[in-house]
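User: I should like to learn how to read the features of a protein model in order. Please take me through this one, giving the general idea and then the case.

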Amino acid sequence: MRIMALDVGDRRIGVALSDPTGLLARELVIITRTDDSRDIKEVLSLVREHTPGKLIAGLPLLLNGDEGQQAQKVQAFCALLRPALPIPLEMVDEQFSTVTAREYMRRNARKKKSGARQHDDAMAAAVILQNYLDEN
């Protein structure tokens, strides 16, 4: 079963997708945030196109395990998304996923053709998803 993952941020949503066996995660796309309604439509379009059996969203917990302001924003977005989804949505701890993604990108010198830093949102979603796949 394919699983799709979201790394929900204020400006972008990183999206990743597993292979059909559910063993490997890969970056899929970055959605540039405009408003919740359009962002939800884009996520639903990706779900229809790639037919995952489950959607996971990274929950950025604080180091002590509590929910901070960003985690509350992600929860609010997922509360709007959940009723429209034809598949289950699960929240998973995403601590350090962006740091891991940035380190991977730095080590592999992933740059845009212009030389500007590439956004790490889809890679962070892939890290979240790969961690989930490895644990399950």
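Analyst: The discussion below covers confidence, the sheet, the helices and the aromatic rings.

User: Where is confidence lowest and where is it highest in the protein chain?

Analyst: Where pLDDT is low, the predicted coordinates should not be read in detail. This is a predicted model. The protein chain has a mean pLDDT of 86, with 82% of its residues at 70 or more. Helix H1 (residues 36-50) has the highest confidence, at a mean of 98, and helix H3 (residues 97-107) has the lowest, at 53. For residues 111-117 the pLDDT falls below 50, and the model gives this stretch 6 contacts beyond near neighbours in sequence.

User: In what order do the strands form the sheet?

Analyst: The sheet is open and its 5 strands follow the order S3-S2-S1-S4-S5, with mixed pairing. Strand S3 (25-32) and S5 each have a single partner strand, so they stand at the edges with one side lacking a neighbour in the sheet. On average, neighbouring strands are turned by 25 degrees against each other, direction ignored.

User: Which strands run antiparallel, and which pair in the parallel sense?

Analyst: Strand S2 (residues 12-18) and S3 run antiparallel and are joined by 7 bridges. Within this pair, Val-15 has Val-29 of S3 as its bridge partner. Strand S4 (residues 54-59) pairs with strand S5 (residues 89-93) in the parallel sense, over 5 bridges. Here Gly-58 stands opposite Val-92 in S5. Between S4 and S5 the chain passes through helix H2 (residues 69-81), and this β-α-β crossover is right-handed.

User: Which strands does H1 lie across, and which does helix H4 touch?

Analyst: H1 lies across strand S1 (3-8), S2, S3 and S4, and runs at about 150 degrees to S3. Helix H4 (residues 121-135) also packs on the sheet, where it touches S1, S2, S3, S4 and S5. The direction of H4 makes about 40 degrees with that of S2.

User: How many aromatic pairs are there, and which residue lies over the face of Phe-77?

Analyst: A pair of aromatic rings is described by the distance of the centres and the angle of the planes. With ring centres required to lie within 6.5 Å, the count is 0 aromatic pairs. The residue over the face of Phe-77 is Arg-33, at 4.7 Å from the ring centre.

Technical notes:
Residues numbered from 1 in each chain as written. Predicted model: local features only at pLDDT ≥ 70, side-chain atom pairs only at ≥ 80, totals over all residues. Heavy atoms only, no water. pLDDT = per-residue confidence, 0-100. Helix = DSSP H or I, 4+ residues; strand = E, 2+ residues; numbered from the N terminus. Contact = heavy atoms within 4.5 Å. Phe/Tyr/Trp six-rings, centres within 6.5 Å; stacked < 30°, edge-to-face > 60°. Lys NZ or Arg CZ within 6 Å of the ring centre and 35° of its normal. Pairing = 2+ DSSP bridges. Right-handed = clockwise from strand over helix to strand, strands pointing away. Axes fitted to C-alpha atoms, helices over the stretch in contact; angles between N-to-C directions.
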